[in-house]
Amino acid sequence: MIRSLLLAAGLVAGPLGAAAQDLAVTGAYILSSNPRTGAAFMTITNPGPSEVRILAARSPAARTVELHASTLADGIARMRPVEGGIAVPAGGSIALERGGLHLMMMGLTAPLAPGDRVPLTLVTDGGGDIVLDITVGTDGAPADPAAGAHGGHHGATQP
């Protein structure tokens with residue numbers, strides 16, 4: 001079954017597994033501080049009855065996309081890959097944000113500039129992929145403050 005997810009400036013579609021079909025992504029944006037790396041941020045909401053795990057991510061804009069967590073311990077900031085995926089709780093949401101969980105894009109294939117559009121795929125434990133089209137923002141804010149939409153089995157609607 002083909003499901004669609006609309007993200008602000010573009011239609012994105014892909015086959016979604018049963019667990020992933022109801023996930024909604026809002027407020028997605030990417031930041032790049034240098035020509036080699038970038039990071040993606042968003043809120044993922046799961047209105048469904050079961051937890052869904054984001055197991056991996058990929059993008060043609062980067063050689064590698066890793067699930068990462070930033071931590072601060074003893075005044076030292078560290079960034080580490082997340083093992084086992086990022087859980088999106090049943091009936092809840094998870095924020096991928098600066099200083100916390102995020103998607104680290106390494107080995108960018110080209111420098112990212114504000115306003116650029118970047119395809120990004122989230123791989124879930126339900127076997128479904130969520131294909132996004134995300135805009136590069138600036139200074140920690142989405143390039144389009146209205147970025148985001150709700151998707152799911154009832155179709156996509158823009159807020």
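**Exercise 1. Decide whether Tyr 29 is buried or exposed, and do the same for Phe 41.**

Step 1. Set the scale: buried means under 20% relative accessible area, exposed means over 50%, and partly exposed lies in between, with a 1.4 Å probe and protein chains only.

Step 2. Tyr 29 has 10% relative accessibility, so Tyr 29 counts as buried.

Step 3. Phe 41 has 5% relative accessibility and therefore also counts as buried.

A note on the material: this is a predicted model, in which local features need pLDDT of at least 70 and side-chain atom pairs count only at pLDDT 80 or more, while totals for chains, interfaces and linings use all residues. Residues are numbered from 1 along each chain as its sequence is written, and side-chain values use heavy atoms, with hydrogens and water left out.

**Exercise 2. Find how many aromatic pairs there are, and classify the pair of Tyr 29 and Phe 41.**

Step 1. State the rule: rings of Phe, Tyr and Trp (its six-membered ring) pair if their centres lie within 6.5 Å; planes under 30 degrees apart count as stacked, over 60 as edge-to-face and the rest as tilted.

Step 2. The count under this rule is one aromatic pair.

Step 3. The ring centres of Tyr 29 and Phe 41 are 5.3 Å apart and the planes stand at 35°, so the pair is tilted.

Step 4. Place the two rings in the chain. Tyr 29 belongs to strand E3 (residues 24–31) and Phe 41 to strand E4 (residues 37–46), so the pair ties together parts that are 12 residues apart in sequence. Strands (E, at least two residues) and helices (H or I, at least four residues) are DSSP runs, numbered from the N terminus.

**Exercise 3. Give the secondary structure and the buried share of the chain.**

Step 1. The chain has zero helices and 12 strands.

Step 2. Of the 159 residues in the chain, 44% are buried.

Step 3. Turn to contacts, where contact means heavy atoms within 4.5 Å. Among contacts with a separation of 6 or more, 65% come from residues 24 or more positions apart.

**Exercise 4. Describe how E6 pairs with E7, and how E11 pairs with E12.**

Step 1. Two strands pair if DSSP finds at least two bridges between them.

Step 2. Strand E6 (residues 62–73) and strand E7 (residues 76–81) run antiparallel and are joined by six bridges. Ala 69 has Arg 80 in E7 as its bridge partner. E6 and E7 form a hairpin with two residues between them, and Asp 74 in the turn has a positive phi of about 55°.

Step 3. Strand E11 (residues 117–124) pairs with E12 in the antiparallel sense over seven bridges. Val 118 is bridged to Ile 134 in E12. This hairpin has four residues between E11 and E12, and Gly 127 in the turn has a positive phi of about 85°.

Step 4. Check the cover of E12 (residues 129–135): five of its seven residues are buried, and the strand is mostly covered.

**Exercise 5. Work out the surroundings of Asn 46 and Thr 121.**

Step 1. Asn 46 is in strand E4 and, at 1% relative accessibility, counts as buried.

Step 2. Beyond its neighbours within four places in sequence, Asn 46 is in contact with residues including Leu 23, Glu 51, Val 88 and Pro 89.

Step 3. The side chain of Asn 46 reaches the backbone oxygen of Pro 89 at 3.4 Å.

Step 4. Thr 121 is in strand E11 and is buried, with a relative accessible area of 12%.

Step 5. Leaving aside neighbours within four places in sequence, Thr 121 is in contact with Ala 56, Ala 57, Arg 58, Asp 129, Ile 130 and Val 131. Thr 121 and Leu 132 are 11 residues apart in sequence, with 6.0 Å from C-alpha to C-alpha.

**Exercise 6. Locate Gly 100 and state whether it is buried or exposed.**

Step 1. Gly 100 is in the loop between strand E9 (92–96) and E10.

Step 2. With a relative accessible area of 14%, Gly 100 is buried.

Step 3. Outside its neighbours within four places in sequence, Gly 100 is in contact with His 68, Ala 69 and Ser 70. Gly 100 and Thr 71 are 29 residues apart in sequence and 6.7 Å apart in space, C-alpha to C-alpha.

Key:
A polar contact is a pair of N or O atoms within 3.5 Å; within protein, one must be able to donate a hydrogen and the other to accept it, and residues adjacent in sequence count only if both atoms are side-chain atoms.
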